Amino acid sequence: MLDFRLGNTTAVVTGGSSGIGLATVDLLLAQGARVALCGRNPERLEQAVQHLLQRHPLARERLFAQACDVLDAGQVQQFAQGSEAALGPATILVNNAGQGRVSTFESTTDDAWTEELHLKFFSVLHPTRAFLPQLERGEGAAIVCVNSLLATQPEPHMVATSAARAGLKNLVRSMATEFAPKGVRVNGILVGLIESGQWRRRFEAREDRGQDWAQWSADLARKKSIPLGRLGTPDEAARAIFYLATPLSSYTTGSHIDVSGGLSRHA
């Protein structure tokens, strides 16, 4: 019988102070998990903690937050040590750090390529290395990597990000095969256009001031040919992450769930 409650589970979410990461922390807390989150910006991280405690006032003892740059291996190790000391060893790791770079092949410099590839890979490599010993000690351990539809459907105006995302998709498969004998599943999600601060800022800068958010985002969805006719929400991505992170998907590893509203042109 399936049990959706996670009372004996410690989950870790990187990039947990906003967007998909914050929605994932919120859902995990709602289901009884102990949750550690990190983010680069201490002020934004504290705002996220206060938001979460308002929604889950009894969860203070189940919540641990620490400012951390996932590209700094030392900081990630400190986060892993702090998380374990506060909440116990992790059984779930959600790798959710990184953003997109708008550039074409012609406009992407060598430094930009290096920066983008470093971000996409080491934002996963550092947390995975730091938390893997904890995950190996538990039962039903899982890693979920938040990736983009660009991994399978590249865009020429985001050439570096598309290439890096494809590499991350391949990495998930490789880790899944290597970690399976250790009892650790590895999966990912491929997100399309999700409501975020980036799209809200574009909405605020819109030319047609008569449009509200619903009208503006629906127009955007039509221009992008999203069959469901709207942008996704962080909560919808979080629910896919929850499925892959929990025993609900106990026989699934090395796979990805498409969360793009039908935007994918691939089976």
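**Figure 1. Strand 3 and its place in the sheet of the predicted model.** Within strand 3, Leu63 serves as the bridge partner of Val35. The model shown here and in the following views is predicted. Strand 2 and strand 3 are joined by five bridges and pair in the parallel sense. They belong to an open sheet of seven strands, ordered 3-2-1-4-5-6-7, in which the pairing is parallel. Strand 3 (63-67) and strand 7 (256-259) are the edge strands, each of which pairs on one side only. From one strand to the next, the twist averages 15 degrees.

**Figure 2. Helix 1 against the sheet.** Helix 1 packs on the sheet and touches strand 1, strand 2, strand 3, strand 4, strand 5 and strand 6. The direction of helix 1 makes about 170 degrees with that of strand 1.

**Figure 3. Two separate nonpolar cores.** In soluble globular proteins, nonpolar side chains tend to be buried together. The largest nonpolar core of the model comprises 32 residues, and Val25, Leu28, Leu63 and Ile189 have the most contacts inside it. Two or more residues each are supplied by strand 1 (10-13), helix 1 (19-30), strand 2 (34-39), helix 2 (42-55), strand 4 (92-95), strand 5 (141-148), strand 6 (184-191) and helix 8 (234-245). The most is given by helix 8, which contributes six residues. A second core, separate from the largest one, has 29 residues, including Cys68, Val172, Ala176 and Val186.

**Figure 4. The surroundings of Leu28.** Leu28 is one of the residues with the most contacts inside the largest nonpolar core. When residues up to four places away in sequence are not counted, Leu28 touches Leu6, Ala11, Val13, Ala33, Val35 and Phe242. Among these, Val35 is also the residue whose bridge partner in strand 3 is Leu63.

**Figure 5. Helix 3, its packing and its two ends.** Helix 3 (residues 73-87) lies across strand 1, strand 2 and strand 3, and runs at about 160 degrees to strand 3. The end C-alpha atoms of helix 3 are 21 Å apart, which agrees with the span of 21 Å expected for its 15 residues at 1.5 Å a residue. Val76, Phe79, Ala80, Gly82, Ser83 and Leu87 are buried in this helix. The buried residues of helix 3 pack against strand 1, strand 2 and strand 3, and also against helix 4 (110-137). At the start of helix 3, the backbone nitrogen of Gly74 has a side-chain oxygen of Asp72 within 3.0 Å. Just after the helix, Gly88 adopts a positive phi of about 95 degrees.

**Figure 6. His56 and its polar contact with Asp26.** His56 is situated in the loop between helix 2 and strand 3. Is this residue buried or exposed? His56 counts as buried because its relative accessibility is 13%, and the cut-off for burial is under 20% relative accessible area. The side chains of His56 and Asp26 make a polar contact at 2.5 Å. With neighbours within four places in sequence left aside, His56 is in contact with Asp26, Leu29 and Ala30.

**Figure 7. Thr253 beside strand 6.** Thr253 occupies the loop between helix 8 and strand 7. With a relative accessible area of 31%, Thr253 is partly exposed. A polar atom of the Thr253 side chain lies 2.9 Å from the backbone nitrogen of Val186. Val186 is a member of the second nonpolar core. Leaving aside neighbours within four places in sequence, the contacts of Thr253 are Arg173, Ala176, Arg185, Val186 and Asn187. In contrast to these contacts, Thr253 and Arg206 are 42 Å apart in space, C-alpha to C-alpha, with a sequence separation of 47 residues.

**Figure 8. Two further loop residues, Ala180 and Ser225.** Ala180 is located in the loop between helix 5 (159-179) and strand 6. Ala180 is partly exposed, at a relative accessible area of 43%. The C-alpha atoms of Ala180 and Ala141 are 10.0 Å apart, although the two residues are 39 residues apart in sequence. Ser225 lies in the loop between helix 7 (213-223) and helix 8. Ser225 is not a glycine, yet it has a positive phi of about 60 degrees. Ser225 is classed as exposed because its relative accessible area is 53%, where the cut-off for exposure is over 50%.

Key: Residues are numbered from 1 along each chain as its sequence is written. This is a predicted model: local features need pLDDT of at least 70, side-chain atom pairs count only at pLDDT 80 or more; totals for chains, interfaces and linings use all residues. Side-chain values use heavy atoms; hydrogens and water are left out. A nonpolar core is a set of buried Ala, Val, Leu, Ile, Met, Phe, Trp, Tyr and Cys residues joined through side-chain atoms within 4.5 Å. Buried means under 20% relative accessible area, exposed over 50%, partly exposed in between (1.4 Å probe, protein chains only). Helices (H or I, at least four residues) and strands (E, at least two) are DSSP runs, numbered from the N terminus. Contact means heavy atoms within 4.5 Å. Two strands pair if DSSP finds at least two bridges between them. Axes are lines fitted to C-alpha atoms, for helices over the stretch in contact, and angles run from 0 to 180 degrees between N-to-C directions. A polar contact is a pair of N or O atoms within 3.5 Å; within protein, one must be able to donate a hydrogen and the other to accept it, and residues adjacent in sequence count only if both atoms are side-chain atoms. The expected span of a helix is 1.5 Å times one less than its number of residues.
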